[in-house]
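Here are a few short exercises to work through with the structure open in your viewer. Try each one before you read its solution.

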Amino acid sequence: MTQETFERELARRADHVHGVPLSFDDVRGRARSIQRRRRAAVAAAVAAVVALVVLVPTVLSGHRERGVEPAPAPRGHTAVLHGGVVTLADGHRVDLGIDNADVTDFSVLTDGRIVVAMQEPYAVRVYEPDGSQQDQYPVQLNALTTSADDTMVAWVAKDFTIRVLESGTAEPVERAGIPMPGESPGSIDAVLDDGTLLVGDFTTTTGEVTDEGYRELTASEPLRVTDVGPDGDAWAVGFPPGENEQFGCAGVYDPKQEVVVARTCDTSALRFAPDGRHLIGTRGDNNMAGEVSVLDLDLQQVGRFAPGRGSVVSRVAWADADHLLVAVARLEDSRWSLERVDLAGTDPEVVEGPVDGRNAEIVVEYLLAE
């Protein structure tokens, strides 16, 4: 498929945007070596981006007096990083001049800036909408967690504190670190729209971080938040695996009532659709999954997508409330494609590819942002 056709397809998906799920909950990045990711999916939805940078005077305590005027945009973005080039939902292309092999995660803020978690160098980089580098920040963990409305992105800094970069502000603000034994940085499991961070130990979401600091999270049982529904009233969660289990069960949790309202042990890493009516789930290892399940709110399977024989799912995102965007890799010859799939998982449409790529265990040739 030509680049022109690819860009038209992304623009067409932007017409159907209704919102976006939270990012990636089991994303931990690769910490100085390729780590095994149980989660092989990254959730996202499509929206147009206005790539306009306006420098305005701002007063940021302890930061530079420079800001980026937020561009008006619908809720959320879908963007694809392939060959070091980010293709936005409106078809606009931004060349970052980086190798996909050096990237573990990336997000696009509503002001058009692109935030990238790098493996080499081990840092978070912030790029202007035109692709020029704005800043680089050393980290303890090269993973990003983005709010559902794409106005905030958070990471764990080199000094173990949390940094939160908000759309329209020049510099990230500092938040309290995550209480952890030893030298572990902890995980940022979700960024709520009010700026509250749900944090934990990579297995369980244990607390909340706000402007006022850290406080323990009260839940009905140990769980890890993997996504937050579009209205914030429901959380997708995973439960710690039992003895001799690689994967635990998953569920939908009501945080106000502190009760699990649905549970499944057939899939993991649940992500809400943009309209909150369905979820996707995947199970995999070594950066790959064998299939994607589409579930209703009772966690009953309503659809399933499995790539062809000898192929794996590398990444999956919500293209809109009724379609998925799936990065598929063929193991035999490392040929990659980007496919659009309906809720039933039938009749996938190739958006781009197949193209030559690298080993899916090591490199994500089509990285999807939220």
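**Exercise 1.** Decide whether Ala-269 is buried or exposed, then find where it sits and look at its backbone.

Solution. Start with the area: Ala-269 has a relative accessible area of 7%. The cut-off for buried is under 20%, so Ala-269 counts as buried. Keep in mind that you're looking at a predicted model. Next, trace the backbone: Ala-269 belongs to the loop between strand 21 and strand 22 (271-272). Last, check phi, which is near 50° for Ala-269, a positive value in a residue other than glycine.

**Exercise 2.** Do the same for Glu-258: is this residue buried or partly exposed?

Solution. Glu-258 comes out at 34% relative accessibility. Partly exposed covers the range between 20% and 50%, so that's the class Glu-258 falls into. On the chain, you'll find Glu-258 in the loop between strand 20 and strand 21 (259-264). Its phi is positive too, at about 55°, although Glu-258 is not a glycine.

**Exercise 3.** Work out which strands pair with strand 19, and what covers its faces.

Solution. Take one neighbour at a time.

- Strand 18 (residues 224-228) pairs with strand 19 in the antiparallel sense, over 4 bridges. To find the register, look for Val-225, which stands opposite Val-237.
- The link between strand 18 and strand 19 is a hairpin with 6 residues in between. In that turn, Gly-232 has a positive phi of about 80°.
- Strand 20 (residues 250-254) also runs antiparallel to strand 19, again joined by 4 bridges. Here Trp-235 stands opposite Tyr-253.

Now for the faces of strand 19 (residues 235-238): Trp-235 and Val-237 point to one side, Ala-236 and Gly-238 to the other. All four are buried, which leaves both faces covered.

**Exercise 4.** Write down the strand order of the open sheet that contains strand 3, and pick out its edges.

Solution. The sheet has 4 strands in the order 5-4-3-30, and the pairing is antiparallel. Its edges are strand 5 (93-95) and strand 30 (367-369), since each of these pairs on one side only. Going from one strand to the next, the twist averages 25°. For a closer look at one pair, go to strand 3 (residues 79-82) and strand 4 (residues 85-87), which are antiparallel and joined by 3 bridges. Within that pair, Val-80 has Thr-87 as its bridge partner.

**Exercise 5.** Track down the cis peptide bonds at Pro-121 and Pro-354, and say where each proline lies.

Solution. Begin with Glu-120 and Pro-121: the bond joining them is cis, with omega about 0°. Pro-121 is in the loop between strand 7 (114-118) and strand 8 (123-127). Then go to Gly-353 and Pro-354, which are also joined by a cis bond with omega about 0°. Pro-354 lies within strand 29 (residues 349-356).

**Exercise 6.** Zoom out and sum up the chain: how many helices and strands are there, and what share of the residues is buried?

Solution. Count the elements and you get 1 helix and 30 strands. Of the 370 residues, 59% are buried. Then check the contacts: among those between residues at least 6 apart in sequence, 50% join residues at least 24 apart. Finally, the accessible surface comes to about 14,300 Å², with 46% of it belonging to carbon and sulfur atoms.

Note on methods. Residues are numbered from 1 along each chain as its sequence is written. This is a predicted model: local features need pLDDT of at least 70, side-chain atom pairs count only at pLDDT 80 or more; totals for chains, interfaces and linings use all residues. Side-chain values use heavy atoms; hydrogens and water are left out. Two strands pair if DSSP finds at least two bridges between them. Helices (H or I, at least four residues) and strands (E, at least two) are DSSP runs, numbered from the N terminus. Axes are lines fitted to C-alpha atoms, for helices over the stretch in contact, and angles run from 0 to 180 degrees between N-to-C directions. Buried means under 20% relative accessible area, exposed over 50%, partly exposed in between (1.4 Å probe, protein chains only). Contact means heavy atoms within 4.5 Å. Accessible areas come from the Shrake-Rupley method with a 1.4 Å probe; for residues, only the protein chains shown count as cover.
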